[in-house]
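Me: I have a model open and would like to learn how to read its metal sites and ligand surroundings. Could you walk me through them?

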Amino acid sequence: MFAILLAKVNVWMDAIFFILWIATASAMVLHFFVGMPKGRFRKKWIEWKWPDHDHRAPFLPKLMHWVHLACMIALAASGLYIRFPTYAGWRTPMRYIHYVAMTIVLLNLFWRIWYAFFAKDRDWKKFAVGRRDMQSMGGVAMYYAYLSNSKPHVAEYNVMQKLTYLVFLGLMLLQGFTGLALLTQPILFGYSPREVLVGWWLGAMLGDVAIAGAWIRVVHYAINWLFIIITTVHFYLALNEDLLISLDFFGFKRYPDHLIEEAKAKAHAEHGDHGEHGAPVLAAEAE
Ligand code: HEM
Ligand code: HEM
C-alpha cells in the first residue's frame with residue numbers, strides 16, 4: 001500500500017515538475033520575444049544600452065558563485081541520474097559525484113554565509129529586504145510584465161532579486177538537510193545521519209525510519225526541480241536584463257570603468273548622494 005502510494009507520488013512529481021519546467025522555459029522565450037515590439041530588445045541587443053551600475057562585485061563572491069554553479073550542475077545531473085538510471089553501470093560513479101559535489105557545495109555555502117556577515121567586504125545588507133523594497137515590488141513586477149517602462153531602483157538588487165537569492169538560500173539549507181537525511185551508513189557513533197536528523201521525530205511520527213527516509217527523498221526530489229525551475233528564470237534574467245554586469249560577474253569581461261564613473265556621477269547629480277541606498281523610494285531607472 002505504502003510502496004504503491006510512493007511510486008505514484010514519484011511518477012506524478014516527474015510529470016508535474018517536467019511540465020512546469022517546460023512552461024517556465026516557454027514563458028521566458030515568450031518574454032524575450034515580447035521585448036521586440038516593446039523596444040527593449042533593440043535598446044539592449046542592438047543599441048547596446050544596458051542598465052547602469054556604479055560598482056562591481058568583488059572577487060570572492062564571484063568565485064563562490066562559480067563553485068556553487070559547477071556543483072549545482074553536477075548535483076542536478078547526478079541526482080537525476082540516480083532517479084533515472086538510464087545507463088547501467090554508472091550508478092556508483094554518479095553517487096560519488098553527488099557525494100563529492102554535496103560536500104563542496106555545503107562548505108561553499110557556509111563560506112558564503114560567513115562572508116556575508118563577517119568578511120571585510122561583508123554584504124548581507126545587499127540581500128536584506130526592507131520596507132522600501134517591499135513598496136517597490138509592484139513597480140518591479142509591472143516592469144517585468146511589460147506593463148511599465150521604468151524599473152524602481154531602491155538598492156543594488158531589486159526586491160525580486162533579493163527574494164530569489166533568499167529563496168535560493170532557504171532551499172539550499174533544506175536540500176542539504178534532506179540530502180544528509182538520505183544517508184543510511186552508521187557513521188555517527190553507530191547512528192546514521194538519517195536516524196540523527198529525522199529518525200527521532202519524523203520516523204517516530206510515521207512509525208518507521210525507512211518510511212521517513214522515503215518521504216524525505218520525495219522532498220529532496222521536489223526541491224531538485226524547484227532549483228532547476230528557478231535557475232532557468234535566474235539564468236534568463238541575468239543574460240537578457242543585465243548582460244554586461246553578468247559577464248563581469250562571471251569574470252568574462254570587465255564592466256567598463258567609464259560606465260561605473262558615469263553611473264556614480266548620475267546618482268550623485270540625481271540624489272545628491274551615492275545612489276544605491278540613498279536613492280528616494282521608487283526613483284525610476286529610465287527605460
Ligand atoms: C546540498 C547538499 C546535498 C546533499 C547532502 C545531497 C545528498 C543526496 C543523497 C545522499 C542522495 C541519495 C543518493 C543515493 O541514493 O545514493 C541524493 C539524491 C538526490 N539528489 Fe541530492 N544532495 C544535495 C544537493 C542536491 C541538489 C542541489 C540537487 C539538485 C539540484 C540534488 C538532487 C538529487 C536528486 C534528484 C536525487 C535522487 C532522488 C531520488 O532518488 O529520487 N541534490 N542527494
Ligand atoms: C545558470 C547559470 C547562472 C547564471 C548565468 C547566473 C548569473 C548570476 C549573476 C549575473 C549574478 C549577479 C548579479 C549581480 O551582481 O548583479 C548572480 C547572483 C547570484 N546567483 Fe546566479 N547565476 C546562475 C546560476 C545560479 C545558481 C544555480 C544559483 C543557486 C542555486 C545561483 C544563485 C545566485 C545567488 C544566491 C546570487 C546572489 C549573489 C551572490 O551570491 O553573490 N545562481 N547570478
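**Reading two iron sites**

Reply: Happy to. This is a predicted model, and a good place to begin is a polar contact: an oxygen atom of ligand 2 is 3.0 Å from an N or O atom in the side chain of Tyr157. Nitrogen atoms of ligand 2 take part as well: one is 2.8 Å from a side-chain N or O atom of His65, and one is 2.7 Å from such an atom of His234. The elements that give two or more residues to the shell around ligand 2 are H3, H6 and H8.

Me: Which element gives the most to the shell around ligand 2?

Reply: That is H8, with 8 residues. In total, 19 residues surround ligand 2, and the closest are His65, His68, Arg112, Tyr157 and His234.

Me: How do the residues of that shell around ligand 2 divide into nonpolar, polar and charged?

Reply: Sorting a shell by residue class gives a quick picture of its chemistry. Here there are 13 nonpolar residues, 5 polar and 1 charged.

Me: What coordinates the iron atom of ligand 2?

Reply: Look for the donor atoms. His65 and His234 each coordinate this iron through NE2, at 2.0 Å. His65 belongs to helix H3 and His234 to helix H8, so the pair ties together parts that are 169 residues apart in sequence.

Me: Which arrangement do the donor atoms around the iron atom of ligand 2 make?

Reply: Start from the ideal: six octahedral donors have angles of 90 or 180 degrees. Around the iron atom of ligand 2, the 6 donor atoms subtend angles of 87 to 180 degrees, and therefore the arrangement is octahedral.

Me: Is His65 buried, or is it partly exposed?

Reply: The cut-off to keep in mind is that buried means under 20% relative accessible area. His65 has 24% relative accessibility, so it counts as partly exposed. His234 also counts as partly exposed, because its relative accessibility is 22%.

Me: Let's turn to the other site. What coordinates the iron atom of ligand 1?

Reply: Here the donors are NE2 of His98 and NE2 of His220, at 2.1 Å. His98 sits in helix H4 and His220 in helix H8, so this pair ties together parts that are 122 residues apart in sequence. His98 and His220 are both buried. The 6 donor atoms around the iron atom of ligand 1 subtend angles of 84 to 179 degrees, which makes this arrangement octahedral.

Me: Which residues come nearest to ligand 1?

Reply: Of the 25 residues around ligand 1, those are Arg95, His98, Tyr99, Arg217 and His220. The shell divides into 14 nonpolar, 7 polar and 4 charged residues.

Me: Where are the polar contacts of ligand 1?

Reply: Follow the N and O atoms again. An oxygen atom of ligand 1 lies 2.3 Å from a side-chain N or O atom of Arg95, and an oxygen atom is 3.1 Å from one in the side chain of Tyr99. A nitrogen atom of ligand 1 is 2.8 Å from a side-chain N or O atom of His220. Two or more residues of the shell come from each of helix H3 (59-83), helix H4 (91-118), helix H6 (159-180) and helix H8 (209-249).

Me: One last residue: is Lys44 buried or exposed?

Reply: Lys44 is buried, because its relative accessible area is 7%. Lys44 is found in helix H2 (residues 40-46). Leaving aside residues up to four places away in sequence, Lys44 touches Lys49, Trp50, Asn240 and Glu241.

Note on methods. Residues are numbered from 1 along each chain as its sequence is written. Chains are lettered from A and ligands numbered from 1 in the order in which they are written. This is a predicted model: local features need pLDDT of at least 70, side-chain atom pairs count only at pLDDT 80 or more; totals for chains, interfaces and linings use all residues. Side-chain values use heavy atoms; hydrogens and water are left out. A residue is near a molecule or strand if one of its heavy atoms lies within 4 Å of it. A polar contact is a pair of N or O atoms within 3.5 Å; within protein, one must be able to donate a hydrogen and the other to accept it, and residues adjacent in sequence count only if both atoms are side-chain atoms. Helices (H or I, at least four residues) and strands (E, at least two) are DSSP runs, numbered from the N terminus. Ala, Val, Leu, Ile, Met, Phe, Trp, Tyr, Cys and Pro count as nonpolar, Asp, Glu, Lys and Arg as charged, and the others, Gly among them, as polar. Donors are N, O and S atoms within 2.8 Å of the metal (3.2 Å for Na, K and Ca); water is not among the atoms, so sites may look incomplete. Four donors count as tetrahedral if all angles lie between 85 and 135 degrees; four count as square planar and six as octahedral if opposite donors are over 155 degrees apart and all others between 65 and 115; anything else is irregular. Buried means under 20% relative accessible area, exposed over 50%, partly exposed in between (1.4 Å probe, protein chains only). Contact means heavy atoms within 4.5 Å.
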